[in-house]
Amino acid sequence: MASTAVERLARLFAVAGCCCLFVLAQAMDDGGGVGMRGEELLGLFEVLGALLNDPSWAQLHPRPCTETPWLGIQCEMVLGDGVQGQQQDPYLHVTKIHIGPDVASPPCKASAKLSESLLKLPYLKSLSLFGCFLIPDTVSLPPSLFADASSCLEQLVIKSNPGLSGAIPQTIGRLQNLRVLSISQNNLHGEIPKEVGALGKLEQLDLSYNHLTGIIPVDIGGLASLSILDLSWNGLEGEIPWSVGQLRSLRKMDLSFNNISGRIPTDASKLQSLILLDLSHNCLTGPMPEELSDLRELQYFLVEHNPIGTSIPLFLGALKNMVVLGLSGCGLSGPIPTFFGSLANLTTISLDRNRLNGTIPAILEAIPNLGQLNLSQNQLSGEMAFSEEFVSRLGERLDVRDNQGLCINPLRHQNLSYLEAPPCVCPPIDSGERSSWPESPPPPESSAVRAWPSWSHGKGSMSLVLVTVRCLMGLCRLVCFLLLL
């Protein structure tokens, strides 16, 4: 009996709330002054009522476009359609809804959802929801919300919502006025619908940090106005479609942290406005097309952790605007080319965890703005010929560790234990002398020996004596050999 009474009371409050919203909406639809149409105002109340944690929001903001504004809402007057001399629409219309930690705390209630009443806001241009849906697998994107091809929506931004799951609806391709589609850092699954390629006005597409799978649809080449493409941190597979070459306005392409395989398509060289290309942490193989030398505006080229398996590509020498180069963990072999010295804008070079060999080109220190150089975990050898000033300027941002054949000149560089490279010493005449020599006792110090400084990892004058005597003995053997001739 008690439970029945409680249910009736709950229904009564619900009806009262609806009636209250209806009265508020009717009060605005009186045609006097600048206001909102009743149906549109009621739709706004229903949308925010389904999202916000404050049940009294409608009562606190009965005129959200005028006397009782709210930070997350923007209203505008729009022009009439010109039919039979119709003048400017006398009503204010909601054109922007933004909900996030900057306007409400908490932004949304635990049971927040996307209301179908968004369809009652025909002039809505921008909808952005940040950190609104937090309970896992409670909200999805309703296909019906994007089915209206006449929608004015230009920006759809739904980010940082772990409770937003399900697939991206195919109907999203009907939003012909959409310029920004950013639904990143959510829990979306499924494939990227090919219908996205129909969004001819789209300038930014960000689907990063979800659980999307499947291939990148070839239809993506239809996004002729696209300047930013970010599909990173998903589970995408297959190859990079050739159609990316049709995105001639593209300035940023980030496909990192996926399972993309195959080679970088030659058509990517047509992206001559590209500034950032991040393909790191995939399964791409080499060789990379030499035609990428046409990417003259490129500043950030990141292909780290892909099994490229070639030498360092020569086309990099043509990319004079390069600022950051990341080729770590690509299975690269061969020497470090000297053309890096001509790339004056470079600030970061990462060539670590490869199989590079040979010596380190001293010309690298001629790069004026170079602030980080990582050559660790390779097979480099010989003396590190950088100047003391260059090594001091980079400090620990110069990493040459784990190159077994590499050494440093102790006369030039001292107290650089972080480099983890041994000092360069006089080489023995025959290969067998190196292993047998250290057991021999040192000879008495002489004035000639004392003239040389000590450098063997802090072992003092004893190490200096050993090294000097080895050099003298080698010289004596060489003289004897020449006399016998």
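These notebook entries follow what I looked up in a predicted model, taking the disulfides, then a strand arrangement, then two single residues.

**Entry 1: disulfides**

I began with the cysteines, and the count of disulfides came to three. A disulfide is a covalent bond between the sulfur atoms of two cysteines.

I looked up the link between Cys65 and Cys75, where the S to S distance is 1.8 Å, and I noted that with -60° about the S-S bond this link is left-handed. Cys65 sits in the loop between α3 and β1 while Cys75 belongs to strand β1, so the pair ties together parts that are ten residues apart in sequence. For Cys65 I read a relative accessibility of 19%, which counts as buried because the limit for that class is under 20%.

I then turned to Cys108 and Cys132, which are joined with an S to S distance of 1.6 Å. The torsion about their S-S bond is about -80°, so I entered this disulfide as left-handed. It links distant parts of the chain, with Cys108 in the loop between β2 (92-99) and β3 and Cys132 in the loop between β3 and β4, 24 residues apart. Both ends are out of the solvent by the accessibility classes: Cys108 is buried at 9% relative accessible area, and Cys132 is buried at 2%.

The remaining entry under this heading is Cys407 with Cys424, for which I noted an S to S distance of 1.9 Å. Here the torsion is about 95°, so the disulfide is right-handed. Cys407 lies in strand β20 (residues 405-407) and Cys424 in the loop between β20 and α5 (433-436), and the pair thus links distant parts of the chain, 17 residues apart. I found Cys407 buried at 15% and Cys424 buried at 16%.

I also checked the accessibility of two further cysteines: Cys152 is partly exposed, with a relative accessible area of 25%, whereas Cys330 is buried, with a value of 1%.

**Entry 2: strands β3, β4 and β5**

I next followed the pairing of the strands, starting from β3 (residues 126-130), which pairs with β4 (residues 155-159) in the parallel sense over five bridges. Within that pairing I located Phe130, which stands opposite Lys159 in β4. Strand β4 also pairs with β5 (residues 180-182), again in the parallel sense, over three bridges, and there I found Leu181 in β5 as the bridge partner of Leu156.

**Entry 3: Asn186**

Is Asn186 buried or exposed? I found it buried, with a relative accessible area of 7%, and I placed it in the loop between β5 and β6 (204-206). Leaving aside neighbours within four places in sequence, I listed the contacts of Asn186 as Ile158, Lys159, Ser160, Asn161, Leu164, Tyr209 and Asn210. Lys159 in that list is the residue that Phe130 stands opposite in β4, which connects this entry to the one before.

**Entry 4: Glu67**

Last I looked up Glu67, in the loop between α3 (57-60) and β1 (73-77), which is also the loop that holds Cys65. Glu67 is exposed, with a relative accessible area of 58%, whereas Cys65 counts as buried. The side chain of Glu67 makes a polar contact with the side chain of Thr66, at 2.4 Å. I also noted the separation of the C-alpha atoms of Glu67 and Gly35, which is 10.0 Å for residues that stand 32 residues apart along the chain.

Notes
Residues are numbered from 1 along each chain as its sequence is written. This is a predicted model: local features need pLDDT of at least 70, side-chain atom pairs count only at pLDDT 80 or more; totals for chains, interfaces and linings use all residues. Side-chain values use heavy atoms; hydrogens and water are left out. Two strands pair if DSSP finds at least two bridges between them. Helices (H or I, at least four residues) and strands (E, at least two) are DSSP runs, numbered from the N terminus. Buried means under 20% relative accessible area, exposed over 50%, partly exposed in between (1.4 Å probe, protein chains only). Contact means heavy atoms within 4.5 Å. A polar contact is a pair of N or O atoms within 3.5 Å; within protein, one must be able to donate a hydrogen and the other to accept it, and residues adjacent in sequence count only if both atoms are side-chain atoms. A disulfide is a pair of cysteine sulfur atoms within 2.5 Å.
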